[in-house]
Amino acid sequence: MRQHRRTLRLLGSLLLVAMAASVTGAAPAPAASPTPLDRVIPAPASVAPGGSPYRITRGTHIRVDGSRETRGVGEYLAKILRPSTGYRLPVTAQGAGGIRLRLAEGPFGAEGYRLDSGRSGVTITAAKAAGLFHGVQTLRQLLPAAVEKDSVQPGPWLVAGGTIKDTPRYGWRGAMLDVSRHFFTVEQVKRYIDQLALYKINKLHLHLSDDQGWRIAIDSWPRLATYGGSTEVGGGPGGFYTKADYREIVRYASSRHLEVVPEIDMPGHTNAALASYADLNCDGVAPPLYTGTEVGFSSLCAGKDITYDFVDDVIRELAALTPGRYLHIGGDEAHSTSHEDYVKFMDRVQPIVAKYGKTVVGWHQLTGATPAKGALAQYWGLDGTSAEEKARVVKAAQNGTGLILSPADRVYLDMKYTKDTPLGLSWAGYVEVKRSYDWDPGAYLPGVPGGAVRGVEAPMWSETLENSEHIEYMAFPRLPGVAELGWSSAASHDWERYKGRLAAQAERWNALGIEWYRSPQVPWGAGGR
């Protein structure tokens with residue numbers, strides 16, 4: 001009889017569990033296993049798994065030292081974890097255990113970090129706040145993808161045991177956003193910044209002027225923004241950033257440890273400026289605003305002194321707004337500028353950039369003139385670019401010009417994936433995920449000294465892109481691969497292993513509400529539905 005009653009009580013308990021599950025919609029949770037330490041993107045420099053995982057619980061604290069920088073990273077982490085875990089996760093300088101962020105001397109460089117995880121807690125150690133921030137991005141990827149959601153999720157929140165030691169291969173890991181062909185709001189730019197930060201991108205290159213629109217307020221030449229910024233490709237309303245808007249983008253990027261690199265493209269790609277001020281034209285006649293997508297037809301007048309007054313004013317005001325080291329002066333597709341005028345123009349403009357405390361960056365056509373000492377040239381040619389053009393870039397690198405690699409048929413994120421891609425262009429060919437990932441920046445241009453390659457950058461031109469969903473669809477899944485090219489060692493580079501790690505990112509993108517392309521080259525699994 002006692003056995004019978006125990007059996008009835010057991011059946012009753014199981015019935016209550018089943019009823020609770022039916023009410024909540026919950027299924028019995030399977031045994032959880034943490035994400036392996038080597039499943040993150042970019043691939044870490046070294047991984048040593050071992051020991052028990054750490055579990056984030058209601059009692060977890062985020063422990064920081066007394067520095068403002070460390071507390072800032074701690075608060076950033078807490079804001080990510082609180083909505084999905086439902087935990088308070090106080091950021092405190094007291095106690096031990098939990099998640100600890102600490103600055104200390106060590107072999108980390110400016111951006112490296114060490115992550116140690118075990119039963120008693122997770123510790124991220126770095127020499128600089130940027131390293132702590134990058135370590136936090138790794139920690140995010142080690143947690144379940146549901147941690148990215150903005151509502152309470154069931155967990156459990158496990159971090160695999162072991163140690164990651166990590167430093168980047170290159171110091172320049174960039175992404176360019178063209179806000180000129182189509183204008184993107186401050187909030188849209190911030191959204192992209194957050195997505196870049198997840199993969200340890202550290203440069204945001206903003207293409208602020210082109211034929212179709214001028215996007216930054218310049219007090220000394222106000223019509224640049226109010227008139228030159230009044231349209232976009234297709235004839236939409238355009239827009240521009242006030243100085244306060246631009247400062248907010250710079251501040252937000254800095255809080256995610258990205259440096260903003262502003263670009264004013266010149267002497268070509270300047271129709272918006274030429275339409276705004278007639279005196280900038282050689283004939284003194286302002287052309288109409290332009291809403292098409294052709295290139296190469298516009299040019300500042302290299303022979304007029306007012307041109308250099310204009311350039312000085314623009315660079316002076318933009319440099320004052322930009323705490324970063326670099327200012328990009330474009331220089332590409334200046335087909336309407338004679339070679340003689342191009343050289344004259346660059347010889348006069350590059351010293352202006354230096355006068356206001358910035359380092360010149362230009363598209364690789366800058367090597368057709370004389371790059372200033374310390375200047376960086378951004379290579380956007382193709383595998384099939386002429387040997388003569390490549391040789392000019394190689395020679396400049398051998399003479400001390402640093403290179404940023406952005407080959408268009410590899411990492412231009414606005415190139416179509418296939419002929420059926422509804423967005424993007426195809427002048428550089430179709431760029432599927434494997435092609436975008438499967439190359440080595442250090443060996444791409446034979447003859448370039450190893451130290452001349454400063455890193456990689458993924459440009460996103462916006463002739464066909466009008467909103468955040470369009471940006472995301474073209475960036476994902478290619479952007480993480482470019483980030484890995486910039487961060488991870490060449491020895492870690494392997495498509496077969498990488499595509500498995502990439503597939504695991506799909507659930508995270510879904511949780512973040514990111515629109516993305518389901519490439520058939522990647523085994524997406526459940527996350528690709």
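How many of the residues of helix 14 (residues 478-487) are buried? The count is 10 of its 10 residues, so the helix is mostly covered because buried here means under 20% relative accessible area. The buried residues run R478, L479, P480, G481, V482, A483, E484, L485, G486 and W487. Bear in mind that what you are looking at is a predicted model.

**Into and around helix 14**

Just before this helix there's a backbone oddity to check. The peptide bond from F476 to P477 is cis, with omega near 25°, and P477 sits in the loop between helix 13 (468-475) and helix 14. There is another cis bond, from I41 to P42, with omega near 0°. P42 belongs to the loop between helix 1 (2-24) and strand 1 (46-49).

**The nonpolar cores**

In soluble globular proteins, nonpolar side chains tend to be buried together. Here, the largest nonpolar core has 140 residues, and Y192, W214, I216, Y241 and F310 are the ones touching the most other members. Helix 8 (residues 305-321) gives this core its largest share, eight residues. There's also a second, separate core of nine residues, with M176, W363, Y412 and A428 among them.

Take Y192 as an example. Leaving aside neighbours within four places in sequence, Y192 is in contact with A175, L177, L413, M460, I471, A475 and L479. One of those partners, L479, is also on the list of buried residues in helix 14.

**The largest pocket**

If you're after a cavity-style feature to inspect, the largest pocket has a volume of about 540 Å³. It is lined by 20 residues, and R140, E148, R191, D194 and L512 are the closest to its centre. Which helix gives the largest share of the lining? That's helix 4, with six residues. Helix 2, helix 4 (186-198) and helix 16 (506-512) each supply at least two lining residues. By class, the lining comes out as nine nonpolar, one polar and 10 charged residues.

**T85, at the end of helix 2**

T85 is in helix 2 (residues 68-85). Buried or exposed? T85 is buried, because its relative accessibility is 6%. The side chain of T85 has a polar atom 2.7 Å from the backbone oxygen of L81, and a polar atom 3.1 Å from the backbone nitrogen of Y87. Beyond neighbours within four places in sequence, T85 is in contact with V152 and W157.

**R181, a buried arginine**

R181 lies in the loop between strand 10 (172-178) and helix 4. At 3% relative accessibility, R181 counts as buried. Its side chain makes a polar contact of 3.2 Å with the side chain of D178, plus one of 2.9 Å with the side chain of Q212. Skipping neighbours within four places in sequence, the contacts of R181 are D210, Q212, R215, E232, V233, H269, V295, W461, S462 and E463.

**Positive phi outside glycine**

Two residues are worth a look on a Ramachandran plot. Each row below gives the phi, the place and the accessibility.

| Residue | Phi | Loop | Relative accessibility |
|---|---|---|---|
| K200 | near 65° | between helix 4 and strand 11 (203-207) | 1%, buried |
| H257 | about 60° | between helix 6 (243-255) and strand 14 (259-263) | 24%, partly exposed |

Neither value belongs to a glycine: K200 has its positive phi as a residue other than glycine, and so does H257.

**P288 and T123**

P288 is found in the loop between helix 7 (271-276) and helix 8. P288 counts as exposed because its relative accessible area is 64%. The C-alpha atoms of P288 and S276 are separated by 8.9 Å, with their positions 12 residues apart along the chain. Neighbours within four places in sequence aside, P288 is in contact with N271 and A275.

T123 is in strand 7 (residues 121-126). With a relative accessible area of 21%, T123 is partly exposed. Its contacts, again without neighbours within four places in sequence, are R100, R102, R114, L115 and D116. For a long-range distance, try T123 and D420: they're 297 residues apart in sequence and 46 Å apart in space, C-alpha to C-alpha.

Methods: Residues numbered from 1 in each chain as written. Predicted model: local features only at pLDDT ≥ 70, side-chain atom pairs only at ≥ 80, totals over all residues. Heavy atoms only, no water. Helix = DSSP H or I, 4+ residues; strand = E, 2+ residues; numbered from the N terminus. Buried < 20%, exposed > 50% of the residue type's maximum accessible area, 1.4 Å probe, protein only. Polar contact = N/O pair within 3.5 Å; in protein donor to acceptor, adjacent residues only side chain to side chain. Contact = heavy atoms within 4.5 Å. Core = buried A, V, L, I, M, F, W, Y, C linked by side-chain atoms within 4.5 Å. 1 Å grid on protein atoms, 1.4 Å probe; cavity = no way out; pocket = protein on both sides within 12 Å on 5 of 7 lines; lining within 4 Å. Points joined across faces, edges and corners; volume = space filled by probe spheres on them. Nonpolar A, V, L, I, M, F, W, Y, C, P; charged D, E, K, R; others polar.
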